[in-house]
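Okay, thanks everyone, I'll keep this short. Have a look at the model on the screen, and I'll walk you through what comes out of it.

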Amino acid sequence: MPIPDAPAPGSEKPRAPVIPSAPAAAPVATSAPVRPNGATQSTATSNSDEEEADRPKDASPWSIAFAVTSLVLLLLLGFFWGKIMDRDRSIQATKNRSEQIEAGAAARQGQLDEAKAISGRLQKQLDETKAEIFQLKAAQDKAKLGADLLQAQLDKARAGSTAFQTQMEEAKVASLKRQGEVEVAQAQTAVAQTQADKARSDLVGTQAQLAEARTLAADLQARLAKAETDIAQLKKTPVRK
């Protein structure tokens, strides 16, 4: 028996096959006409005779067996037809479910591919972020090293500044001390200048006196020379007796 085509998805459910009903059996006996109560027994006897007369003479057990077998076969055919239809419906439902599963699997595969692409991008961003973190860490270490060097230089500069401040204080004290000494020296210089001026005045007076003394000495020298000449002349002149 050919299997009917399965209905398309979304179509109406197939109708159950119409099982042909068994052929109606011929009436065995006809109803007897109603008779009065008084003749009941005689009527029953006559009815049985009429039924035997009306029963078809050609009905045999083979015909009855054939009819029963046909009915059983029809019932079995309807049963198996229902089973086949159930199987077709089950196959179609399984096919629909399989198509849905395939569609869901395709959608999930697309989602998985998209998730893989997103994961790749995230991994790339993570690698870039790690590289930036390493660079920032290296820059931080370098900056920390530079800060340590600057701190050492600052400490050194502070120490130098403190030493320079101490030297400035000492220089200030020495300057004040020297300022006093300068003032004393200036006073001494003023006194020495006064003494020098006085010495110059005395020197000028002494030089005048020296010039005068030299003049007097020259005059005396001239007089002495004249005196010596006069003495010499006197010695040359004979003394009169």
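Let me start with a definition, because I'll lean on it throughout: a residue counts as buried under 20% relative accessible area, as exposed over 50%, and as partly exposed in between. Take Phe 79, which has a relative accessible area of 48%, so it lands in the partly exposed class.

Before we go further, remember that this is a predicted model. How confident is the predictor? The mean pLDDT of the protein chain is 75, and 73% of the residues reach 70 or more. The weak part is residues 1-46, where pLDDT stays under 50. The model does have 30 contacts beyond four places in sequence for that stretch. Still, where pLDDT is low, the predicted coordinates should not be read in detail.

Now the overall picture. The secondary structure of the chain is two helices and zero strands. Helix H2 covers residues 61-236. What share of the 241 residues is buried? Just 3%. As for the accessible surface, we get about 21300 Å², and 61% of that belongs to carbon and sulfur atoms. On contacts, if you take those between residues at least 6 apart in sequence, 77% join residues at least 24 apart.

Back to Phe 79, which sits in helix H2. Searching the whole structure for aromatic pairs turns up one. The partners are Phe 79 and Phe 80, with ring centres 5.7 Å apart and planes at 70 degrees, so we call the pair edge-to-face. The cut-off for that label is over 60 degrees. Phe 80 is also partly exposed, at 48% relative accessibility.

Those two rings also turn up in a nonpolar surface patch of about 670 Å². Which residues make that patch? Ile 64, Val 68, Val 72, Leu 73 and Leu 76, along with Phe 79 and Phe 80.

Okay, charges. Side chains of opposite charge can pair when their charged atoms come close. How many salt bridges does a search of the whole structure find? Four, and I'll go through some of them.

One is Arg 89 with Asp 86, where the closest N and O atoms are 2.0 Å apart. These residues are three apart in helix H2, which means about one helical turn lies between them. Arg 89 is partly exposed, at 34% relative accessible area, and Asp 86 falls in the partly exposed class with 38%.

Another joins the side chains of Arg 87 and Asp 88, with N to O at 3.9 Å. The salt-bridge cut-off is within 4 Å, so this pair counts. What about cover, buried or exposed, for Asp 88? Asp 88 has a relative accessible area of 9%, so it is buried, whereas Arg 87 is partly exposed at 40%.

Further along we have Arg 200 with Asp 197, the closest N and O atoms being 3.0 Å apart. Here too the residues are three apart in helix H2, so about one helical turn separates them. Arg 200 comes out partly exposed at 49%, and Asp 197 is partly exposed at 36%.

To wrap up, then: a predicted model with two helices and zero strands, one aromatic pair and four salt bridges. And please keep the low pLDDT over residues 1-46 in mind, where values stay under 50. That's me done, happy to take questions.

Definitions and conventions
Residues are numbered from 1 along each chain as its sequence is written. This is a predicted model: local features need pLDDT of at least 70, side-chain atom pairs count only at pLDDT 80 or more; totals for chains, interfaces and linings use all residues. Side-chain values use heavy atoms; hydrogens and water are left out. Rings of Phe, Tyr and Trp (its six-membered ring) pair if their centres lie within 6.5 Å; planes under 30 degrees apart count as stacked, over 60 as edge-to-face and the rest as tilted. Buried means under 20% relative accessible area, exposed over 50%, partly exposed in between (1.4 Å probe, protein chains only). Helices (H or I, at least four residues) and strands (E, at least two) are DSSP runs, numbered from the N terminus. pLDDT is the predictor's confidence in each residue, from 0 to 100. Contact means heavy atoms within 4.5 Å. Accessible areas come from the Shrake-Rupley method with a 1.4 Å probe; for residues, only the protein chains shown count as cover. Patches are made of residues with over 30% relative accessible area and no salt bridge: like charges are joined within 9 Å, nonpolar side chains (Val, Leu, Ile, Met, Phe, Trp, Tyr) within 5 Å.
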